[in-house]
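Biologist: Please pick out one spot in chain A and take me through it closely, then work outwards from there. I'd like cut-offs with every term you use.

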Amino acid sequence: MNTPLIQTQDLKKYFRTPGGLLHAVDGVNFAVEKGKTLGVVGESGCGKSTLGRLVIRLLEATEGKVLYNGENILSYSDEKMLEMRKKMQIIFQDPYASLNPRMTVSEIIAEPVKVCRTLTKPDDILEKVYELMETVGLADRFVNTYPHELDGGRRQRIGIARALALDPEFIVCDEPVSALDVSIQAQVLNLLMDLQEERGLTYMFITHNLSVVKHISSGIVVMYLGQCVESALSDELFDDPKHPYTNALLSAIPVPNLSRRNKRREVIRGEVTSPINPKPGCRFAVRCPYAKPECTAEDIPLKEISKGHFVSCVLY
Amino acid sequence: MEEKLLEIRDLHVEYITDDARVFAVNGLDLDVKKGETLGLVGETGAGKTTTALSILRLLPERVGRITRGTIRLGERDIIKASEGDMLQIRGEVVSMIFQDPMTSLNPVHTVGDQVAEVLDLHKKYKTREAVEARVDEILRLVGLSAERKKEYPHQFSGGMKQRIVIAIALACEPQLLLADEPTTALDVTIQAQVLSMMKELKEKLDTAMILITHDLGVVAETCDRVAVMYAGEIIESGSVEQIFDGGENHHPYTLGLFGSLPDLTHKTRRLNPIEGLMPDPTDLPGGCRFHTRCPKCMEICRSEKPGAIIGDGHMLKCHFLESRLPGFSKLSAESVTYK
């Protein structure tokens, strides 16, 4: 097996809050091979965005390792990290909030190049900006406009162009399409997939939308309250979900055809519990229809039940 | 035929801003029968919310204006109704659930008081106890315990807040409920809970509902009829079976919407999005509004607005399909007018 491009080992991030320690990410392990897409799914507050930020060190981890080509980047100095950042970029969720309203499109796209000094001559930089705009499908005439003049889809394309400016190998996509309309969403997803094919990019694709994640990912990690409850290859996870939470998530997605109409769906009870000072054991147990006493007795480790398919549940 | 509750004919709404006139709704026709759920589908800027606000006459003052058309709700003519009549209609006959439960509740009043407010305005309960008893009953109906009525909105989660908003909307058992993207801000598992609860309550109270959404999945699971909206018009409508039959006989925009969705059951390499963007509502294209993005665009589409054709309750506005659908006939002007 190839060494994965990026890998985490027991990655943890706790935030101190007045109520106690908030376990945002609590011991997550995953690996992504070069050129592949790892989908991270979960509901609000499950720690998926925190995980994305930890991986590229926009947040410092409390514990654990992030290995990039086998090297732990969490021990890098600031200088070395700046070099590293050229290889890893992020696309943010909200194309309205992630672009500086006082910068023009060309300034926004050129900023990473200027910060990392990969190009220095103004003409070269401008040429690069035009090249990037063409790559993401933005017309030349937008080069001197401000973000507020553009619609959501075009803004997200600016965000993508900015992420590509340093020719990275790895991009964290944090809900890149959830703020967009469906027809625009499809355009942006196609663009991301084309770019991956052309440039051999590796993605970590964070989303709450399961149909999007199935479409784009090769492997999927399902998170619940900071922990990975199940991970498998995309097709396997959808064909044969094991964890009760994965099942609940899948049956909760409204499907745009009538086959499921009038069938009673299994709606899981209750809501996500607090991530502050969680009790030991399975964190889903309070909502789980199959909960048993041993679920809350001690932490349940992730078990490999078939090749590449990991589940943390007492049922397996 | 079932009784008609709401009838909108040829509705036009404009917003007037400093430098432009925004044509938000352009000749909309819509019917809702008693007790049915109509899904109003479309993308941002299609005019879905404007339509709902027009029914309540809640368009922003001095900016939004109904320029033409009729809205009939039962025996009432909404457009001619006085402001005093509207105060009585809102909440009692029609009520609305807004998209964002975080901002539609008042943060400085307890949730119990907010439910009681509607009752105080519309129902003449004699005693405080009677009001409180009804508040408890409604809260239990939406799955909240009555003990929590003394708490403030910030003490509830998003899904719970949306349940409170629904409780307020249903407190006076209105005939029509306008739900504007009621679950878009919620997580999928919570969305499933709220949707199944809304479905149950609707049946119990026999309320008609217009469900505004951009999620075709939600429509498939909850609606009886569907109307697809584009640039301020209904371009296709029919029963949920007709719209979701998976066939080719649909408006190109409807097909585009379906093509944009990643499918969970089939593996496709690429999605088929609709090219281009929604037209600028200050400067709408002539002819068919969709012609600039339409893969089936013909010469006539650029110059002439397509009329409605109808077959077995399935309505379409498309030149391309007009000659290709044998079972369909042109909708005559007479059959549209209200009798």
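Modeller: A:Asn69 is partly exposed, with 13 other C-beta atoms within 10 Å. On that scale, buried takes 20 or more other C-beta atoms within 10 Å of the residue's own, exposed takes 12 or fewer, and partly exposed is what's in between, with C-beta atoms placed from the backbone. Bear in mind that this is a predicted model, where local features need pLDDT of at least 70 and side-chain atom pairs count only at pLDDT 80 or more, while totals for chains, interfaces and linings use all residues. For bookkeeping, residues are numbered from 1 along each chain as its sequence is written, and chains are lettered from A and ligands numbered from 1 in the order in which they are written.

Back to the spot: A:Asn69 sits in the loop that runs between strand S4 (63-68) and strand S5 (71-72) of chain A. Strands (E, at least two residues) and helices (H or I, at least four) are DSSP runs, numbered from the N terminus. The backbone is the fun bit, with phi of A:Asn69 near 50°, a positive value in a residue other than glycine. Most residues other than glycine have a negative phi. A:Asn277 has a positive phi too, about 40°, and isn't a glycine either. That one is found in the loop between H9 and strand S11 (303-306) of chain A, and A:Asn277 is exposed, with 11 other C-beta atoms within 10 Å. Also on the list is A:Arg117, just after H3(A), with a positive phi of about 50°.

That brings us to helix H3 (residues 105-116) of chain A, where A:Val105, A:Ser106, A:Ile108, A:Ile109, A:Ala110 and A:Val113 are buried. Those buried residues pack against helix H4 (122-136) and helix H5 (152-164) of chain A. The axes of H3(A) and H5(A) come within 7 Å and cross at roughly 30°; axes here are lines fitted to C-alpha atoms, for helices over the stretch in contact, and angles run from 0 to 180 degrees between N-to-C directions. H3(A) and H5(A) are therefore roughly parallel to each other, given that angles under 35 degrees get that label, over 145 roughly antiparallel, 65 to 115 roughly perpendicular and the rest oblique. Their crossing is right-handed, meaning the near helix is turned clockwise from the far one by less than a right angle, with anticlockwise being left-handed. From H3(A), A:Val105, A:Ile108, A:Ile109 and A:Pro112 meet A:Ile158, A:Ala161 and A:Arg162 of H5(A). Contact means that C-beta atoms, placed from the backbone, lie within 7 Å. By class, this H3(A)-H5(A) contact has 6 nonpolar, no polar and 1 charged residues. Nonpolar is Ala, Val, Leu, Ile, Met, Phe, Trp, Tyr, Cys and Pro, charged is Asp, Glu, Lys and Arg, and the others, Gly among them, are polar.

H5(A) has another helix to deal with: H5(A) and H6(A) pack at about 20°, axes 10 Å apart, and are therefore roughly parallel to each other. This crossing is right-handed. A:Gly152, A:Gly153, A:Gln156 and A:Ile160 of H5(A) make the contact with A:Ile184, A:Gln187, A:Val188 and A:Leu191 of H6(A). Here the classes come out as 4 nonpolar, 4 polar and no charged residues.

Now the sheet. In chain A, 8 strands form an open sheet in the order S6-S7-S8-S3-S9-S10-S12-S11, with mixed pairing; two strands pair if DSSP finds at least two bridges between them. Strand S6 (88-91) and S11 of chain A stand at the edges with a single partner strand each, so one side of each has no neighbour in the sheet. Neighbouring strands are turned by 20° against each other on average, direction ignored. Inside it, strand S3 (residues 37-41) and strand S8 (residues 202-207) of chain A run parallel, joined by 5 bridges, and A:Thr37 stands opposite A:Tyr203 in S8(A).

Last stop, the partner chain: 33 residues of chain A are in contact with 35 residues of chain B. H6(A) turns up again, giving the largest share of chain A's side, 7 residues. The residues on that side divide into 15 nonpolar, 10 polar and 8 charged.

How values were computed:
Two residues are in contact if their C-beta atoms, placed from the backbone, lie within 7 Å.
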